[in-house]
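Let's take a walk through a protein model together, one stop at a time. Keep the sequence and the 3D view handy as you read.

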Amino acid sequence: MAPDVTRRAALAGTAASLASTGCLGRVRNIAGRDGPAPVTLRIRTMPADSDPHGIRIARHLAENLKRAGIEPRLNTTSETELYRQVLVNQDFDLYVGQFPEPDPFDPDLLYPFCHSSFTTEPGWQNPFGLTDLTIDEQLDRQRHVTGSERIDVVNDLQVEIARQKPFVTVAFPDELTAVRDARFEGWRATQPAAETGLVALEHAAPAESTAEDDGDEQPVVLRLLSTDAGFTKNRNPIAVEYRRNGTYTGLLYDPLVRGFDGETFPCLARDVTWSDDAVRLSLRDVSWHDGEPFTAEDVAFTYAFLADTSMGDAESPIPTSRFRGQVSLVERATAVAADEVEIEFGDVSRGVAERALRVPILPKHVWSERTDPASIAGVEVNQQTTEALVWANPAPVGTGPLAFVEAEPESNVALERNDEHPIATGAPGVPDSLAGKPSFDRLEIEIVPSDVAAVQQVGDGYADATASSLGPNAVPRVGRESDVRLVSERSAAFYHVGFNARDEPLSNPHFRQTVARLVDKAWLAAETFDGYAIPAASPLAISDRWAADELAWNGTDPVTPFLGENGTADPAAAKKAFRDIGYRYSDDGKLLGDVQ
């Protein structure tokens, strides 16, 4: 390995050195006598009322593409449609989005995101179509090495991703939540509206007024407000286009182990025993929300099902579009007794293998009926889709600390406390601070049109907190509400610009690098996020342990520094950068889609 002192200097000169390697070759235009066409790039993102950050990043990039002689076409659509087009249909040139919050945070999150084995799969599995042997080898290696050796491999992996640039890491935002302490205490600084954060809340106020006729106490209700209506319409925990994070499905479905305060504790598992390449788990005596018993057969089914939702009936496996990184760690899950399961792993370290124990366990008696090819009115949609992947799951059946009660699409959802859950009963292994929780009987989530409206309703006492992260424009409103405070915590769910590397010119890493130089991350963090974000050059930059020193932010991106200042690209510098990697311009200043 080359000495580290040379790495940053080499990275700083990456764009120039790549331009002179001569490996680009020539792209001949065969469309006809008119010659090469000007480059047009479609940018997909959500509208301002769904994601104010994403649309501002997209507009910023679009303006700078114009300055570079590239015609942008900005397409805004709902979150569901965005993820369907990008993550399922792979129909985009560029997109602006936010990566799902990793839990727990581990470099292996990059395995499904960038490994070439996932290029044809839907979901957050290599949506870019990236194929790079070096990145594949590094991703594979980091799965089985440990200690300082893994740190070195992950460091090299980040550097190579920064060079190949399948996506641009823009910024890590702050999760902003408005909370009211009058009725509940213990809002956690880290994701206060996340699943374990909600379960851990303490009910601070006296029980609500009793009914006059019978004196019975009314149930304690935790009320949250959200601008995301996805959960009111679809409660499928494996449907990637309906949710970026699984906070509410995580309250309905349990994993074998759960995370809390940076540690894990047995959830559906009672005891966990590790060997060299496997783990054996004894299971708790619990029931599904519909009363059916939970057994090891459900666990074995879940791992087989997530790897192939057709359960062997299709010509080739049709895996779930979520949790693929974790499931790919598992070679086999076997029910060795009614209450005992063994999970075998490949050549992976225990620290990485533990991630596989965090997937939601599904009831076999429900999901085994969803393995057929997906159809609408009896017409098959396509051979790569099963009912499981498109089913709305209107009445979900899990084992989680909360159970589904009712929902009205685009309006509200209600869940209720599962009194038999291991957390509720304070079963052995459950952290003391969670035992006996949740302290509420019912969770109600109401959909509101805007962040500002959400803050006002929390301030007026109609709700206890906002569930979706607030935009900066709502922060001043929080300050004007005397009984509301702002909870802010840096999120690992980074904003990024993704490239579709399947087609020219975005299949050219030199082109992707040059487009990346049209994104002023520092300006975006200050202006678009109003300071509630940090710019970054690596998807692991938020981690003190895993961030690569060579990619440390020092006021600019060390690999793809911005070609301008104060958010505005310098047209002359941008066009020179494209010419330096072999592209040319028409007489009217349009970038042409061939390489000289």
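**Loops, helices and a few odd bonds**

Start at Pro505, which sits in the loop between strand E21 (495-499) and H19. A quick word before going on: this is a predicted model. The bond that leads into Pro505 is worth a look, since Glu504 and Pro505 are joined by a cis peptide bond, with omega about 0°. Most peptide bonds are trans, and most residues other than glycine have a negative phi. Another cis bond turns up from Lys437 to Pro438, again with omega near 0°. Pro438 belongs to the loop between helix H16 (422-425) and strand E18 (442-447).

Now go back to the loop with Pro505 and follow the chain into helix H19, which covers residues 509-516. At the start of H19, Asn508 uses a side-chain oxygen to reach within 2.9 Å of the backbone nitrogen of His510. How many residues of H19 are buried? The count is 7 of its 8 residues, so the helix is mostly covered. The buried ones are His510, Phe511, Arg512, Gln513, Thr514, Val515 and Ala516.

Next, hop to helix H4 (79-88). H4 is largely enclosed by the rest of the structure, because 7 of its 10 residues are buried. Those buried residues are Glu79, Thr80, Leu82, Tyr83, Gln85, Val86 and Leu87. What do they pack against? Their partners are E1 and E3.

One residue of E1 deserves a stop of its own: Arg44, in the strand that spans residues 40-45. Is Arg44 buried or exposed? Its relative accessible area is 12%, and anything under 20% counts as buried, so Arg44 is buried. A polar atom of its side chain lies 2.6 Å from the backbone oxygen of Asp91. If you set aside the neighbours within four places in sequence, Arg44 touches Asn75, Leu82, Gln85, Val86, Asp91, Phe92, Leu94, Tyr95 and Val96. You've already met Leu82, Gln85 and Val86 among the buried residues of H4.

After H4 comes Gln90, in the loop that runs on to strand E3 (94-98). Gln90 isn't a glycine, yet it has a positive phi of about 55°. With 21% relative accessibility, Gln90 counts as partly exposed. Glu410 shows a positive phi too, near 70°, and it is also a residue other than glycine. You'll find Glu410 in the loop between strand E16 (402-408) and strand E17 (412-417). Its relative accessibility is 47%, so Glu410 counts as partly exposed.

For the last stop, look at a pair of helices, H6 (residues 133-141) and H7 (residues 147-164). Their axes come within 9 Å and cross at roughly 155°. An angle over 145 degrees counts as roughly antiparallel, and H6 and H7 are therefore roughly antiparallel to each other. Their crossing is left-handed. From H6, the residues that take part are Thr134, Ile135, Gln138, Leu139 and Arg141. They meet Glu149, Val153, Asp156, Leu157, Glu160, Ile161 and Gln164 in H7. Sorted by class, this contact has 5 nonpolar, 3 polar and 4 charged residues. Here's a handy rule for reading lists like these: an α-helix has 3.6 residues a turn, so residues three or four places apart point the same way.

Definitions and conventions. Residues are numbered from 1 along each chain as its sequence is written. This is a predicted model: local features need pLDDT of at least 70, side-chain atom pairs count only at pLDDT 80 or more; totals for chains, interfaces and linings use all residues. Side-chain values use heavy atoms; hydrogens and water are left out. Buried means under 20% relative accessible area, exposed over 50%, partly exposed in between (1.4 Å probe, protein chains only). Helices (H or I, at least four residues) and strands (E, at least two) are DSSP runs, numbered from the N terminus. A polar contact is a pair of N or O atoms within 3.5 Å; within protein, one must be able to donate a hydrogen and the other to accept it, and residues adjacent in sequence count only if both atoms are side-chain atoms. Axes are lines fitted to C-alpha atoms, for helices over the stretch in contact, and angles run from 0 to 180 degrees between N-to-C directions. Angles under 35 degrees count as roughly parallel, over 145 as roughly antiparallel, 65 to 115 as roughly perpendicular and the rest as oblique. A crossing is left-handed if the near helix is turned anticlockwise from the far one by less than a right angle, and right-handed if clockwise. Contact means heavy atoms within 4.5 Å. Ala, Val, Leu, Ile, Met, Phe, Trp, Tyr, Cys and Pro count as nonpolar, Asp, Glu, Lys and Arg as charged, and the others, Gly among them, as polar.
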